[in-house]
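Visitor: I would like a close look at one part of this protein, the place where its helices pack together. Could you walk me through it?

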Amino acid sequence: MSFASQIWTLTQAHKITGKAHIVLMALASFQGHKGLFPSHESIASRAGCSVRTVIRSLETAYSLGIVERTRQRIRRSGRVVNGPNRYRLLIAPMEQAKASARHLKQQLQDALNRRKARLSSKCQNASGDNSQSNLFYENRSPSEWLDILNKMNAGMSAEEAGYHSQSFKFRFE
């Protein structure tokens with residue numbers, strides 16, 4: 001099955017929108033012998049849409065596991081800065097499942113870090129010190145969260161690993 005036929009199948013199954021279909025086909029058109037690394041602006045120009053639409057469409061593709069992104073860092077004027085993203089179009093079902101799990105794991109880690117930072121700042125504002133003794137997980141310890149993330153990294157789905165969105169809550173005593 002080719003990438004184009006996969007995109008068509010996903011569009012017909014209403015898993016991606018028509019705009020996302022156009023964006024992903026535009027992304028695929030950049031494939032060259034050196035790889036696939038267009039900017040969001042280049043993809044938007046070729047697809048005839050906004051950069052935000054490109055970002056949303058690529059997010060959907062990452063979560064479905066049909067596109068994999070590798071972020072690159074480059075040295076510029078003695079500083080390390082973000083370089084161009086390198087993309088890989090995934091066709092094999094096993095590669096897609098692994099890429100989707102990696103993306104979900106990264107999203108969960110980012111959400112957990114944002115939640116911790118937000119609650120940490122609330123604790124500091126409320127108590128005036130760095131003590132976080134009143135902050136705890138309602139249903140899971142930090143080691144349980146790490147176990148869930150490791151299982152997901154090994155290829156399990158979020159549900160198989162034991163993650164349920166209702167268990168991701170914090171409480172103050």
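Guide: Gladly, and let us begin with a term: a residue counts as buried when its relative accessible area is under 20%. His103 has a relative accessible area of 12%, so this residue is buried. Please keep in mind throughout that this is a predicted model.

His103 sits in helix H5, which covers residues 93–127. Leaving out residues up to four places away in sequence, His103 touches Glu59, Tyr62 and Ser63. Helix H4 spans residues 51–64, and we can follow that helix to its meeting with H2.

Helix H2 takes in residues 18–28, and its axis comes within 9 Å of the axis of H4, with a crossing angle of roughly 85°. H2 is therefore roughly perpendicular to H4. On the H2 side, the residues that meet H4 are Lys19, Ala20, Val23, Leu24 and Leu27. Their counterparts in H4 are Thr53, Val54, Ser57, Leu58 and Ala61. Sorted by class, this contact has 7 nonpolar residues, 2 polar and 1 charged.

Leu58 deserves a pause. Apart from its neighbours within four places in sequence, Leu58 is in contact with Leu24, Leu27, His40, Ile43 and Tyr87. Leu24, Leu27 and Leu58 also appear, with Ile66 and Val67, as the residues with the most contacts inside the largest nonpolar core, which has 22 residues. At least two residues of this core come from each of helix H1 (3–12), H2, helix H3 (40–47), H4 and strand S4 (86–89). H2 gives the largest share, 5 residues. There is also a second, separate core of 8 residues, with Leu108, Trp145, Ile148 and Ala158 among them. As a general background, nonpolar side chains in soluble globular proteins tend to be buried together.

To place all this in the wider fold, the protein has 7 helices and 6 strands. Along the sequence, these elements follow the pattern α-α-α-α-β-β-β-β-α-β-α-α-β. The protein has 173 residues, of which 33% count as buried. Among contacts between residues at least 6 apart in sequence, 55% join residues at least 24 apart. On the outside, the protein exposes about 10,800 Å², and carbon and sulfur atoms supply 51% of that area.

Methods: Residues are numbered from 1 along each chain as its sequence is written. This is a predicted model: local features need pLDDT of at least 70, side-chain atom pairs count only at pLDDT 80 or more; totals for chains, interfaces and linings use all residues. Side-chain values use heavy atoms; hydrogens and water are left out. Axes are lines fitted to C-alpha atoms, for helices over the stretch in contact, and angles run from 0 to 180 degrees between N-to-C directions. Helices (H or I, at least four residues) and strands (E, at least two) are DSSP runs, numbered from the N terminus. Angles under 35 degrees count as roughly parallel, over 145 as roughly antiparallel, 65 to 115 as roughly perpendicular and the rest as oblique. Contact means heavy atoms within 4.5 Å. Ala, Val, Leu, Ile, Met, Phe, Trp, Tyr, Cys and Pro count as nonpolar, Asp, Glu, Lys and Arg as charged, and the others, Gly among them, as polar. Buried means under 20% relative accessible area, exposed over 50%, partly exposed in between (1.4 Å probe, protein chains only). Accessible areas come from the Shrake-Rupley method with a 1.4 Å probe; for residues, only the protein chains shown count as cover. A nonpolar core is a set of buried Ala, Val, Leu, Ile, Met, Phe, Trp, Tyr and Cys residues joined through side-chain atoms within 4.5 Å.
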